[in-house]
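Trainee: I have a model on screen and want to learn to read it feature by feature. Where should we begin?

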Amino acid sequence: MIDLNGMVSIPFLKKAVFTGSERGMNFLLRKQSGEEGQPDRLQSAVWPGPFIFSVTEEEKKTFRDFAFNPEGLKDAVAWLNEIFEEKFAG
């Protein structure tokens, strides 16, 4: 189970990208600036290891956006765990 409590926060994500892995599943969390008049979003991405994000083919990546706030961060971690259980656990 992915538990990022105390490891990543919204203030951290304002300035940096968070990456991690869990038994063959790589993931990242990053801020996506909103377009004109739109709020910032928290983008989460998942892809199979062993390669890093930038060299993994786009078709192997799964993305989902969340609200850029603490509740959105909790939702993103829950989604990461759902994807892990569906595609990588076993």
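Mentor: Begin with the labels. Strands are DSSP runs of E with at least two residues, and helices are runs of H or I with at least four; both are numbered from the N terminus. Keep in mind that this is a predicted model.

Trainee: Then where is Lys-61 found?

Mentor: Lys-61 sits in the loop between β3 and β4, and β4 spans 62-67.

Trainee: Is Lys-61 buried or exposed?

Mentor: The cut-off for buried is under 20% relative accessible area. Lys-61 has 9% relative accessibility, so this lysine counts as buried.

Trainee: What does the side chain of Lys-61 make a polar contact with?

Mentor: One partner is the side chain of Glu-58, at 2.7 Å. A polar atom of the Lys-61 side chain also lies 2.9 Å from the backbone oxygen of Phe-53. Now leave out residues up to four places away in sequence. Lys-61 then touches Val-46, Trp-47, Phe-53 and Thr-56.

Trainee: Now the strands. How many bridges join β1 to β2?

Mentor: Look for the pairing and its direction. β1 (residues 18-22) and β2 (residues 25-32) run antiparallel, joined by 5 bridges. Within this pair, Thr-19 stands opposite Leu-28 of β2. The two strands form a hairpin with 2 residues between them. In that turn, Arg-23 has a positive phi of about 40 degrees.

Trainee: In which sense do β2 and β3 pair?

Mentor: Antiparallel, over 8 bridges. Leu-29 stands opposite Ser-44 in β3.

Trainee: Is Ser-44 buried or exposed?

Mentor: Ser-44 belongs to strand β3, residues 41-48. Its relative accessible area is 0%, so Ser-44 is buried. Setting aside neighbours within four places in sequence, Ser-44 has contacts that include Leu-28, Leu-29, Phe-63, Phe-66 and Trp-79.

Trainee: Last, empty space. How much space lies in the largest pocket?

Mentor: First the idea. A probe the size of a water molecule, rolled over the atoms, shows where empty space is left. Here the largest pocket holds about 260 Å³ of space. It is lined by 15 residues, and those closest to its centre are Leu-4, Asn-5, Leu-73, Lys-74 and Val-77. The elements giving two or more residues to this lining are α1 (10-13) and α2 (70-88). α2 supplies the largest share, 5 residues.

Trainee: How do the residues of that lining divide into nonpolar, polar and charged?

Mentor: The lining has 10 nonpolar, 3 polar and 2 charged residues.

Key
Residues numbered from 1 in each chain as written. Predicted model: local features only at pLDDT ≥ 70, side-chain atom pairs only at ≥ 80, totals over all residues. Heavy atoms only, no water. Buried < 20%, exposed > 50% of the residue type's maximum accessible area, 1.4 Å probe, protein only. Contact = heavy atoms within 4.5 Å. Polar contact = N/O pair within 3.5 Å; in protein donor to acceptor, adjacent residues only side chain to side chain. Pairing = 2+ DSSP bridges. 1 Å grid on protein atoms, 1.4 Å probe; cavity = no way out; pocket = protein on both sides within 12 Å on 5 of 7 lines; lining within 4 Å. Points joined across faces, edges and corners; volume = space filled by probe spheres on them. Nonpolar A, V, L, I, M, F, W, Y, C, P; charged D, E, K, R; others polar.
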